[in-house]
Amino acid sequence: MRLLVTGGRTGYLGRHVVRVAAAARHDVLAVGSADADVRDRAAVDALVERLRPDALVHTAYVQADPEVTATGSAHVAAAAAAHGARMVLVSSDVVFGGADQPYPETAPTDPVSPYGEAKVVAERAVLAACPAAVVARTSLILGDSDSPHERLVRSLAAGADGGLFEDERRCPVHVVDLAEALVELAGNDVRGVLHVAGADGMSRYELGRLIARRDGLDPETLRPTSRVALAVPGPVDVRLDSTLAAQVLSTRLRGAREFL
Ligand SMILES: NC(=O)c1ccc[n+]([C@@H]2O[C@H](COP(=O)([O-])OP(=O)(O)OC[C@H]3O[C@@H](n4cnc5c(N)ncnc54)[C@H](OP(=O)(O)O)[C@@H]3O)[C@@H](O)[C@H]2O)c1
């Protein structure tokens, strides 16, 4: 398979997708904003026309910029449709607001942040342009020791200011499991929305304690805080139900209690 990965040069997830796909002997094309800024429709179309991928895993986004996250995804999907490439969009549990967990794929989206709203727009644009596309919603991505989440825990354990939300609950996923699932999805014909998250729902605080223990740090140095009490905007409990992914994928999505 000739696989194009946006965010594949510098992105945390994208680099893992590139590595996993290359190890499986796919022909991998890692691209970044220097190759084509996804906000530029013509540039994205020209890139896809030139590289002619069979499939495209779209990881690129900027959390605070809907032009990249939403409009950029629409441009990538339009190019995939125009040049006959299979489209895989990486989306997020933040399309939900925290009212009805664990969320199945059939739950209506109800984002409570601009980032969540941008992801909903991206999902709709992708499925409209490419009806056979798959939208893979995931959760906190970590596991190789180098994720922002793991680096944050190490800095908190070393005495940095701050705490970890006890009331924000999600389903963390191992970055390699997710990368393998995305490469599998690029090569199969699963269509529509699929929840591709880890098997264990937990708070950021519990996740932090597991990371600290794995890294030989004292979990008691970590302080629990509350997103609700501190009035930090964003969803609180957005655990995803990934039962369907376990049925349609051969990649197993471990829970954080297992991989940490
Ligand atoms: N990290 C998490 O815990 C998490 C949780 C849930 C969902 N997700 C989803 O997973 C995906 C990947 O997340 P990540 O943490 O791997 O992100 P990341 O490390 O921030 O990487 C994002 C990539 O987007 C590219 N990019 C930014 N602006 C661009 C533009 N205008 N045009 C083209 N490329 C651009 C960047 O590449 P350049 O350096 O080349 O600009 C960068 O490599 C995202 O879709 C995110 O919504 C992440």
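Visitor: Where does the ligand sit?

Guide: The ligand sits in the largest pocket. Keep in mind that this is a predicted model.

Visitor: Which residues come nearest to the ligand?

Guide: A residue counts as near if one of its heavy atoms lies within 4 Å. Here 26 residues surround the ligand. Thr 10, Tyr 12, Leu 13, Ser 33 and Tyr 115 come nearest.

Visitor: How do I read the shell by class, and how many residues are charged?

Guide: Sort the residues into nonpolar, polar and charged. The shell has 12 nonpolar residues, 11 polar ones and three charged ones.

Visitor: Which elements each supply at least two residues of the shell?

Guide: They are α1 (12-23), β4 (86-92) and α4 (114-129). The largest share comes from β4, with three residues.

Visitor: What about polar contacts with the ligand?

Guide: Look for pairs of N or O atoms within 3.5 Å. Ser 33 places a polar side-chain atom 2.4 Å from a ligand oxygen. For Thr 10, a polar side-chain atom lies 2.5 Å from an oxygen atom of the ligand. For Lys 119, the distance from a polar side-chain atom to a ligand oxygen is 2.9 Å.

Visitor: How much of the ligand's accessible area does the protein cover?

Guide: On its own, the ligand has 910 Å² of accessible area. The protein covers 83% of that.

Visitor: How many aromatic pairs does the structure hold?

Guide: It holds two. One of them joins Tyr 61 and Tyr 115. Their ring centres are 5.6 Å apart, and the planes meet at 40°, so the pair counts as tilted.

Visitor: Where do Tyr 61 and Tyr 115 lie in the chain?

Guide: Tyr 61 is in the loop between β3 (55-58) and α3 (66-82). Tyr 115 is in helix α4. The two are 54 residues apart, and their pair links distant parts of the chain.

Methods:
Residues are numbered from 1 along each chain as its sequence is written. This is a predicted model: local features need pLDDT of at least 70, side-chain atom pairs count only at pLDDT 80 or more; totals for chains, interfaces and linings use all residues. Side-chain values use heavy atoms; hydrogens and water are left out. A polar contact is a pair of N or O atoms within 3.5 Å; within protein, one must be able to donate a hydrogen and the other to accept it, and residues adjacent in sequence count only if both atoms are side-chain atoms. Accessible areas come from the Shrake-Rupley method with a 1.4 Å probe; for residues, only the protein chains shown count as cover. On a 1 Å grid over the protein atoms alone, a cavity is a set of points where a 1.4 Å probe fits but cannot get out, and a pocket is an open set with protein on both sides within 12 Å along at least five of seven lines; lining residues have an atom within 4 Å of a point. A molecule sits in a cavity or pocket if more than half of its atoms lie within 2 Å of its grid points. Helices (H or I, at least four residues) and strands (E, at least two) are DSSP runs, numbered from the N terminus. Ala, Val, Leu, Ile, Met, Phe, Trp, Tyr, Cys and Pro count as nonpolar, Asp, Glu, Lys and Arg as charged, and the others, Gly among them, as polar. Rings of Phe, Tyr and Trp (its six-membered ring) pair if their centres lie within 6.5 Å; planes under 30 degrees apart count as stacked, over 60 as edge-to-face and the rest as tilted.
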